[in-house]
Amino acid sequence: MAFARTCSVALVGVDGVVVEVQADLEPGVAAFTLVGLPDKALSEARDRVRAAVVNSGESWPQRKLTVGLSPASVPKSGSGFDLAVACAVLAAAERLPPPAIADLLVIGELGLDGRVRPVRGVLPSVLAAAEAGYRQVVVAEQTAAEAALVPGVSVLGVRSLRQLIALLTDAPVPEEPPDPVGGRPDPLMAGLLLPGSAVRGTAADPAFGPDLADVAGQGEARQALEIAAAGAHHLYLKGPPGAGKTMLAERLPGLLPPLTQAEALEVTAVHSVAGLLPPGRPLVDVPPYCAPHHSTTMPAIVGGGSGLPRPGAVSLAHRGVLFLDEAPEFPVRVLDALRQPLESGEVVIARSAGSLRLPARFLLCLAANPCPCGRYSRRGASCDCTPAMVSRYQGRLSGPLLDRVDLRVQVDPVTRAELMQCGGRAESTAVVAERVRAARARAADRLQGTPWRTNSQVPGRELRSRWRPEEGALVDAEREMERGQLTARGLDRVLRVAWTVADLAGRAAPGRSELRTALVLRRGFPTGLPLPGPFGVRAG
């Protein structure tokens, strides 16, 4: 009896589980049995591996072959086990030295000609390997840069099974022509692309990205955008078509600070599993921007699919912006499904094949017309909708969902004077982003030693006890609660926004002015109170 083993990784969402790939050869009728809860794609590895071994110039063992994937209770999916299975079979057949592959972690799909093809999820797989103590991994050459992001792990990128056999047996390494497909993204890696997800990062060069200076007028909305970016507060833009809601939302990611190394690895892991890493950029170091169409299904938004769930738009927008344009047009079930990730920063999906947690700490930006025809505004534009139609349309955004949105802004149509004004005072994205970074730095210093990094994450009990506002600052908020216009959750969110306004203004603690600003932005449309402008361009 001949036996050999190596290791690979099974992905459960964005978490990896190290799997031992065992190969056993026994006398008997030639057969290939694969056990260990493989899915359809993995079951077909028997044919791919056999063809790849033969076309690599090796002989296939004509004995009873059993390949086991352990632990057997963990479902395995995908084609990333092909290379590990081939190595284990060749080692069991004494073509490779078994000790040479025992401490290797091998990830890659095999083509019928023996080429090693890239697979999704290499980064989270290598992260799991590093946590399990593995220090050497073998991947496809196209994903070697992605795997090398994990510190303390030696990465070997190969183009073919022939090259790997030569490296493990100290033979001359054959030259392989480059893959005719030509790098990432690979057509074989597009299986998890979400239609309409529209995921992108901010532009690498701000000169070519959306600039806030392009937005004419909209002083209140610009100020709300700055507050949202500084404190990671959710935002609701309401106004008629053409007022600039989408322009504002597209410029919100540019105001967010660059991702830290830990955050970049989190985001890259999600995008790697989804097969959305941009070509030539294995690390996503800018906040992503995800804008799904209103016809997008529930699994595409929150995650799901057949078998084990896969990341949805809320996870693809992790550490970035999720923009829902024409929010009332989304199915009510989809909108209400956002409540849990808005509170917890993660989404929990349960299926018959298993359940998992996916990261989903995003900044939500909603945009909506004021009515079905879209012509209603507080400037008196004509509207053909009846009050019942307007109420029914606006009621598609439920109260519990809006209660989790901190900032609500009326975006009025741009006047001719604002649109035609030349040499205006509109600030650029770079200028506002610098104030946002300074405000976040103040918040980070205050929250040092705690598990929170932004004001939107701080629990209300801490804001009412540990970090209290100035004396008498809560007078207006208490009056709103007595009238039933403000919930307990709403008060906590008002306090969080007030701290962000204070950070932007450079104040040590929020006073009554900052609390009034937070209340104005909380109540939304219209308020009857002036919106203070302690920082940047004064509203109006």
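**Notebook: helix packing and backbone outliers**

I began with the helix pair and found that α2 passes α3 in a right-handed crossing. I note at the outset that this is a predicted model, and I read every value below with that in mind.

For the geometry of this pair, I looked up the packing of α2 (residues 45–55) against α3 and found an angle of about 60 degrees, with the axes 10 Å apart. That angle makes α2 oblique to α3, since roughly perpendicular would begin at 65 degrees. I then listed who makes the contact: Ala-45, Arg-48, Val-49 and Val-53 come from α2, while Asp-82, Val-85, Ala-86 and Leu-90 come from α3. Sorted by character, the residues of this contact comprise 6 nonpolar and 2 charged, with no polar ones. As a reminder to myself on spacing, residues three or four places apart in an α-helix point the same way, because there are 3.6 residues a turn.

Next I turned to α5, residues 122–131, and asked how many of its 10 residues are buried. The count is 8, so the helix is largely enclosed by the rest of the structure. The buried ones I wrote down as Val-122, Leu-123, Pro-124, Ser-125 and Val-126, followed by Ala-128, Ala-129 and Ala-130. Looking for what covers them, I found that the cover includes the strands β1 (2–12), β2 (15–26), β5 (105–106) and β8 (136–140), together with the helices α6 (144–147) and α10 (261–274). Just after α5, I noted that Gly-133 takes a positive phi of about 100 degrees.

I then went through the backbone for unusual values, keeping in mind that most residues other than glycine have a negative phi and that most peptide bonds are trans. Between Ser-70 and Pro-71 I found a cis peptide bond, with omega about 10 degrees, and I placed Pro-71 in the loop between β4 (64–70) and α3 (82–92).

Two residues other than glycine came up with a positive phi, and I checked the surroundings of each. Asp-170 has a phi near 60 degrees and sits in the loop between α7 (161–168) and β10 (199–201). Gln-218 has a phi near 55 degrees and belongs to the loop between β10 and α8 (219–231).

Is Gln-218 buried or exposed? Its relative accessibility is 9%, so I entered Gln-218 as buried, the cut-off being under 20%. For Asp-170 the value is 74%, and I therefore entered Asp-170 as exposed, which requires over 50%.

Terms used: Residues numbered from 1 in each chain as written. Predicted model: local features only at pLDDT ≥ 70, side-chain atom pairs only at ≥ 80, totals over all residues. Heavy atoms only, no water. Buried < 20%, exposed > 50% of the residue type's maximum accessible area, 1.4 Å probe, protein only. Helix = DSSP H or I, 4+ residues; strand = E, 2+ residues; numbered from the N terminus. Contact = heavy atoms within 4.5 Å. Axes fitted to C-alpha atoms, helices over the stretch in contact; angles between N-to-C directions. Parallel < 35°, antiparallel > 145°, perpendicular 65-115°, else oblique. Left-handed = near helix turned anticlockwise from the far one by under 90°. Nonpolar A, V, L, I, M, F, W, Y, C, P; charged D, E, K, R; others polar.
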